[in-house]
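Ready to poke around a protein model? Work through the exercises below, and try each one yourself before reading its solution.

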Amino acid sequence: MGAYIVRRLIAMVLMLIALSMITFLLFNALPADPARLTCGKACTPQVIEANRHRLGLDKPLYEQYVDFAKGIFAGRTYGSGTATFECNAPCLGYSFRKQAEVTDLIVDRLPVTAQLAMGAFIIWIVVGVSVGVIAALKRGKWQDRSIMGVALIGYSFPSFFIALLLIFFIQLQLELIPFVNYEPGMVFTDPVGWFQVFILPWTALACLYAAFYARLTRNQMLETLGEDYIRTARAKGLAERTVIGKHGLRAGLTPIVTAAGLDLAGLLGGAVITESVFNLPGLGQLSIDSVLDADLPVITATVLVASAFVIVANLVVDILYAVIDPRVRLA
């Protein structure tokens, strides 16, 4: 098991290095002039050149990447002489548009996205897997047809449409949940308000993902319940709960774990549409603002962070594979 984890860790580190190089080069090799984008229309050539020097954009591209990579681990210094300022590690760049370090911008927004992603994840896993198991056990009956019908409808609607429906009916028509603005730390200072802020975004995301997991779980359970070892377990007189939970569901967890890990990682990178509809100041909203402002350092950093979440999630999924199915350790 230890050797398996070490191999996966080495692969993850190599992928992160390759990812940082590709992401940096992709956005810094664009024909647009990043220095020109740091100031408004009245910007003079002298100011543009000064900004280019302060950001280190006057260096060759490979030197810029070395400075970028070094800044992540040891921080970096922008400018020279008296016109210098420090960016402490982990430094993902500096945004002249927002006059702030990119790392600080991401750290400020990440808790919102994390709360949104984790809440929706818990709901869709619990609901999706549970109703998927029920549908498999009631195969061909009205429960199965009803669950799969609802799942098909839920999976067909885009998340923004579900979000708008929830706002219209729950908040505007029925007035069951008031409009509450998110504030940092309100989970501790105002837990009721915090729940009111996130319950509809959670529901909007969970409706979409739970529908997919219900269908996936049902298909996996139907395939597993037809195996010989399931019939043997029942013939031994084991309780049905043990047969379903210990033997049936565990054997079908592999694709569910794969999808769950990658979906959660994707949401941690920013639920762009949902955050925009509900006006949540998360990474998704930051990404949109950065694209609209052509803020290349922020765009580069948010893409890098979102991609890193996916790579780390792959590592976690690989380790969970080895726990669920020991045969994976030999791969």
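**Exercise 1.** Find where Ile-177 sits, and decide whether it is buried or exposed.

*Solution.* Keep in mind that this is a predicted model. Start with the place: Ile-177 lies in the loop that runs between helix H6 (159-173) and helix H7 (186-189). Next, check its relative accessibility, which is 15%. Buried means under 20%, so at 15% Ile-177 counts as buried.

**Exercise 2.** Work out which residues Ile-177 touches, skipping those up to four places away in sequence.

*Solution.* Look around the side chain and you'll find Ile-170, Gln-171, Gln-196, Ile-199 and Leu-200. Now try a distance: Gly-193 is 16 residues from Ile-177 in sequence, and their C-alpha atoms are 9.7 Å apart in space.

**Exercise 3.** Describe the largest nonpolar core and say which helix gives the most to it.

*Solution.* First, the size: this core has 44 residues, and Trp-124, Phe-198 and Leu-280 have the most contacts inside it. Then the helices: those giving two or more residues include helix H4 (102-137), H6 and helix H8 (191-225). H8 gives the most, with 15 residues. Finally, zoom in on Phe-198: leaving aside neighbours within four places in sequence, Phe-198 is in contact with Val-112, Gln-115, Leu-116, Tyr-182 and Leu-280.

**Exercise 4.** Explore the largest pocket: what is its volume, and how does its lining divide into nonpolar, polar and charged residues?

*Solution.* The volume comes to about 420 Å³. Of the 19 lining residues, the closest to the centre are Leu-16, Ile-72, Leu-92, Leu-304 and Ala-308. Sort the lining and you get 17 nonpolar, 2 polar and no charged residues.

Notes:
Residues numbered from 1 in each chain as written. Predicted model: local features only at pLDDT ≥ 70, side-chain atom pairs only at ≥ 80, totals over all residues. Heavy atoms only, no water. Helix = DSSP H or I, 4+ residues; strand = E, 2+ residues; numbered from the N terminus. Buried < 20%, exposed > 50% of the residue type's maximum accessible area, 1.4 Å probe, protein only. Contact = heavy atoms within 4.5 Å. Core = buried A, V, L, I, M, F, W, Y, C linked by side-chain atoms within 4.5 Å. 1 Å grid on protein atoms, 1.4 Å probe; cavity = no way out; pocket = protein on both sides within 12 Å on 5 of 7 lines; lining within 4 Å. Points joined across faces, edges and corners; volume = space filled by probe spheres on them. Nonpolar A, V, L, I, M, F, W, Y, C, P; charged D, E, K, R; others polar.
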